[in-house]
Amino acid sequence: MWLNQSTVPLPFLLVSDNLEILGVKIFESWPKTRQIAGIELKQKIKSIRDTWRGGRFYDFLLRPHVVNTYLFSNIWHKASSINLLCKDMDKIQSEGNDYIFADCYLRPQKLVNYIDKSAGGLQINHVRSKAMALFIKNLLEESLTNIYLDAVVRKYCLDEDVLPAPVRPFYLDNRLVSSMKTVLGSIQRISTKSIYDVLLKNAFSNNENFQLRIELVYDGFSLNNILAFTRSKLIPTTVRSHMWKIIHKIEYSEIEEAKVKLISPSCNICGEIDIDRIHRYFKCENVFNIGLIFLRVLRVFDPLYSLEEILEFKAKEEHPQLYWFISLTLYYIDKNRKRCTTDLYKAYMWSELETLRMSKYANEDMLLALKIMLELLEE
Ligand SMILES: [Zn+2]
């Protein structure tokens, strides 16, 4: 017999084992609710990820946005009302991160994945922190009007004496209490963003003051310089993605390979042993002539520029055109190391200048400056 509105027997649990409220399934027990929500989300994420596997590849620096927008966005609705299991969130996180680093052998320091782009990071959503932030935000907003929840927050999260003591809700586990305490001690107002920032910082607190590993790698590290190479709209995204990998030392070259294998690096082209980046980009027999004209142009701007400085990304702020020139040169050399000639190099740079001319980001001054530089290359 089919059930309809008038014949459905009560209680509902005899015909359905869950209540569905706005797309969130609530089961009789909280563990089951969390478990089922986790399973459903993982399936959803996996099916999207599988359709991408067929070859949806964006430039490296665009991928975090793609993952945040089209992959992780599917879980926030449920995460706002159910505190998901850590193992499920970690699985979802790694689905996203694996897509972003799909063609990378090496990965950067973990923290760099999650911090803001303006701080040099990739700004991938940290699933654990964001899910917790949404859940806490809902709880705190609800507690403003719900006397019971207000008592719960005061009694269990602020350690106040509340009489009579409210029953401790089943979802209020130790992880949630300690996150609530951290959040309540640091935020000025209830917003997902501010709660997320606090939780993210807390999740990486063992990393001394949020210090980036690249700050330690380069002498006289300047975040502004690094951002000029990786965020400037004048430089094509493909090139910026490449620069990001070079700067964070995850571009897999002989040098990185040797580090992984614990041997001393030797040049793939000329066979010289114990090489450094300067050899790879400017001193190897294949690129030697490019290195010479490249340096000659740089020294027109400042006679003290050295190749060492260039590879520590220290172009001066008063020479903004150099960021374009340096990053395109490094990109060209990396992509064409086996068959580099000065003629092809110059042709490549001129064609990139043409491309830039079409872009809405380049102003006349910049285009003129770049044209003069390329003419200097010809001399
Ligand atoms: Zn070589």
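1. T329 is a convenient place to begin in this predicted model, and the residue sits in helix α17, which covers residues 321-335. T329 counts as buried because 25 C-beta neighbours lie inside 10 Å of it, where 20 or more are needed for that class. V239 is 90 residues away from T329 along the chain, yet the C-alpha atoms of the two are separated by 9.7 Å.

2. On the overall make-up, a new reader may find it useful to know that the protein contains 19 helices and two strands. The chain is divided into domain 1 (18-125), domain 2 (132-210) and domain 3 (216-378).

3. As to overall dimensions, the C-alpha trace of the protein spans about 90 × 55 × 50 Å along its principal axes. The radius of gyration of the protein is 27 Å, whereas a compact globule of 379 residues would have one near 21 Å. Of the 379 residues in the protein, 29% are buried. Among contacts with a separation of 6 or more, 62% are between residues 24 or more positions apart.

4. Domain 1 and domain 2 deserve a point of their own, and their centres, taken over C-alpha atoms, are separated by 23 Å. Eight residues on the domain 1 side are in contact with ten residues of domain 2. To the side of domain 1 that touches domain 2, helices α3 (76-79) and α5 (110-114) each supply at least two residues. That side of domain 1 comprises five nonpolar and three polar residues, with no charged residues.

5. A helix pair worth inspecting is α2 (residues 63-71) with α4 (residues 86-100), whose axes come within 9 Å and cross at roughly 145°. The crossing of α2 with α4 is right-handed. In this contact, α2 contributes R63, P64, V67 and L71, while α4 contributes G96, Y99 and I100. Sorted by class, the residues of the contact of α2 with α4 are five nonpolar, one polar and one charged.

6. Another pair to look at is α11 (residues 223-231) with α12 (residues 237-247), where the axes come within 7 Å and the crossing angle is roughly 145°. The residues that meet here are I226, F229 and T230 from α11, and R240, M243, W244 and I247 from α12. The contact of α11 with α12 has five nonpolar residues, one polar residue and one charged residue.

7. Some backbone details should also be checked by eye, beginning with the peptide bond that joins L163 and P164, which is cis with omega at about -5°. P164 lies in the loop between α7 (147-157) and α8 (174-184).

8. K249 has a phi near 60°, which is a positive value in a residue other than glycine, and K249 is placed in the loop between α12 and α13 (254-261). K249 counts as partly exposed because 19 C-beta neighbours lie inside 10 Å, while a residue is buried if the number is 20 or more.

9. L262 likewise has a positive phi, of about 55°, although L262 is not a glycine. The residue belongs to the loop between α13 and α14 (277-283). L262 is exposed, because 6 other C-beta atoms lie within 10 Å and 12 or fewer place a residue in that class.

Terms used
Residues are numbered from 1 along each chain as its sequence is written. This is a predicted model: local features need pLDDT of at least 70, side-chain atom pairs count only at pLDDT 80 or more; totals for chains, interfaces and linings use all residues. Domain bounds come from an automatic or database domain assignment. Two residues are in contact if their C-beta atoms, placed from the backbone, lie within 7 Å. Helices (H or I, at least four residues) and strands (E, at least two) are DSSP runs, numbered from the N terminus. Ala, Val, Leu, Ile, Met, Phe, Trp, Tyr, Cys and Pro count as nonpolar, Asp, Glu, Lys and Arg as charged, and the others, Gly among them, as polar. The radius of gyration is taken over C-alpha atoms; the globule rule is 2.2 Å times the number of residues to the power 0.38. Axes are lines fitted to C-alpha atoms, for helices over the stretch in contact, and angles run from 0 to 180 degrees between N-to-C directions. A crossing is left-handed if the near helix is turned anticlockwise from the far one by less than a right angle, and right-handed if clockwise.
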